[in-house]
Amino acid sequence: MEFSLFAHMERISPDQPQDQLREEFLTLCKMADEGGMRAIWTGEHHGMDFTIAPNPFLTLVDLAHHTKNVRLGTGTIVAPFWHPIKLAGEAASADMMTGGRVELGIARGAYSYEYERLMPGMDAMEAGLRMREVTPLLPQLWQGDCAHEGEYFSFPATTSAPKPAQENGPPIWIAARDPNSHEFGVHNGFNIQVTPLWQGIEEIETLMSRFNDACDSYQGKRPKIMLLHHTYVASDSADTARAANELSRFYCYFGAWFQNKRPVTQGLIETLSDDELKANKMMAPENMARDLTIGTAQEVIDQIKRYEDLGYDEYSFWIDSGMSSARKQASLRRFIDDVMPAFA
């Protein structure tokens, strides 16, 4: 089992200076690098202070100047927002600038809030089709020369300029949920990243089953699979309960952004009332405590051992949570010092 950090700048109130959020983000990433994590993943989102990440390549190049060994991954690029030639060139450029440390996670995207602003009229089905057209073109463009006539893109023979530092280009990871997405990723030789969100061990088992089925129908080399999950390593049971409450609030806001029904002003969604938070039974703190990877160090070790036994190759510590920077750092420190050694 290898470990990585999944993190963003996240702003939950207008009194948080964004330059301070960047410094807090960098602190977490430096901890991950110095603590021996394999990679840092950061994604792409637009117009949302909930997740501030307009271009992950800029973030990764910045991180390359503050870290030494850790791999730097997009978690994830929203493929339908990109032309394949532009994506191939920017990924290659970032790979060159970081000394060949880039890994490319790709998804169709999830928020209709973003779709209606960047690609008006596009729905999730079309976004998925665009991702499936764009992604296989990237290795071809890195090798060059690639000409293409497709449903969404057509262009004459073109190559990536520059070429990536890594001989075959950055490793590609596909964010997969349904069986067809697993099959698409595996059959194209891409790694798989799965995110069960708040849905617990049954979903974690189902996602692995879908990956295994895709591998069973594929004649090539078995790719890697990464589990991305909200994680909190607590000092004691009271700290676990506090984290469950904080993550309950995070997921209530996640759901509000996903539903795209509340007003948004200056990148911040309209505040949820205490009554609205309590009414969301699906995201209740007791469910978070049951279904997320939170608890004392030994409890987290036991949970991750179960994921390892299922066959997951990498566990990514999702630290976005609306918690204070100090609480995030304390949890990550306990993870590095007390949890990771159990898997050495």
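This is a short tour of salt bridges, a strand hairpin, cysteines and pockets in a predicted model.

**Stop 1: Asp49 and Arg11**

Start by selecting Asp49 and Arg11 and showing their side chains. The two meet in a salt bridge, with N to O at 2.6 Å. Now colour the chain by sequence position: Asp49 sits in the loop between strand S2 (39-42) and helix H2 (56-64), while Arg11 belongs to the loop between strand S1 (2-6) and helix H1 (18-34), and 38 residues separate them. Are these partners buried or exposed? Asp49 is buried, with a relative accessible area of 9%, and Arg11 is buried as well, at 12%.

**Stop 2: Glu103 and Arg38**

Next, select Glu103 and Arg38. Their closest N and O atoms are 2.8 Å apart, and the two residues form a salt bridge. Glu103 lies in strand S4 (residues 102-107) and Arg38 in the loop between H1 and S2, so this pair ties together parts that are 65 residues apart in sequence. Both Glu103 and Arg38 are buried.

Keep these two on screen and add Glu2, Arg71 and Glu314. Together, Glu2, Arg38, Arg71, Glu103 and Glu314 are linked in a network of salt bridges.

**Stop 3: Asp239 and Arg327**

Move on to Asp239 and Arg327, which form a salt bridge whose closest N and O atoms are 2.9 Å apart. This one links two helices: Asp239 is in H9 (residues 237-259) and Arg327 is in H13 (residues 325-339), 88 residues apart. Asp239 counts as buried at 9% relative accessibility, and Arg327 counts as buried at 10%. If you would like to look for others, the model has 21 salt bridges.

**Stop 4: a hairpin**

Select residues 146-149 and 154-158 and switch to a cartoon view. These are strands S5 and S6, which run antiparallel and are joined by 3 bridges. A hairpin of 4 residues connects S5 to S6. To find one of the bridges, pick Cys146: its bridge partner in S6 is Thr158.

**Stop 5: the cysteines**

How many disulfides does the structure hold? There are 0. Among the cysteines to click on, Cys29 counts as buried at 0% relative accessibility, and Cys252 counts as buried at 6%.

**Stop 6: the largest pocket**

Switch on a surface and centre the view on Gly109, Ala110, Arg177, Leu197 and Phe258. Of the 45 residues lining the largest pocket, these five are the closest to its centre. The pocket's volume is about 1200 Å³. Which elements give two or more residues to its lining? They are strand S3 (71-78), helix H4 (112-118), helix H5 (124-134), strand S8 (191-194) and H9. H5 gives the largest share, 6 residues. Colour the lining by class and you should find 23 nonpolar, 16 polar and 6 charged residues.

**Stop 7: the second largest pocket**

Finish at Glu10, Arg11, Ile12, Gln16 and Gly322, which lie nearest the centre of the second largest pocket, among its 30 lining residues. Here you meet Arg11 again, the partner of Asp49 from the opening stop. This pocket has a volume of about 590 Å³. H1, H9, strand S11 (268-269) and H13 each supply at least two residues of its lining, and the largest share, 5 residues, comes from H9. By class, the lining has 13 nonpolar, 9 polar and 8 charged residues.

Methods. Residues are numbered from 1 along each chain as its sequence is written. This is a predicted model: local features need pLDDT of at least 70, side-chain atom pairs count only at pLDDT 80 or more; totals for chains, interfaces and linings use all residues. Side-chain values use heavy atoms; hydrogens and water are left out. A salt bridge is a side-chain nitrogen of Lys or Arg within 4 Å of a carboxyl oxygen of Asp or Glu. Buried means under 20% relative accessible area, exposed over 50%, partly exposed in between (1.4 Å probe, protein chains only). Two strands pair if DSSP finds at least two bridges between them. A disulfide is a pair of cysteine sulfur atoms within 2.5 Å. On a 1 Å grid over the protein atoms alone, a cavity is a set of points where a 1.4 Å probe fits but cannot get out, and a pocket is an open set with protein on both sides within 12 Å along at least five of seven lines; lining residues have an atom within 4 Å of a point. Grid points are joined across faces, edges and corners, and a volume is the space filled by probe spheres set on the points. Ala, Val, Leu, Ile, Met, Phe, Trp, Tyr, Cys and Pro count as nonpolar, Asp, Glu, Lys and Arg as charged, and the others, Gly among them, as polar.
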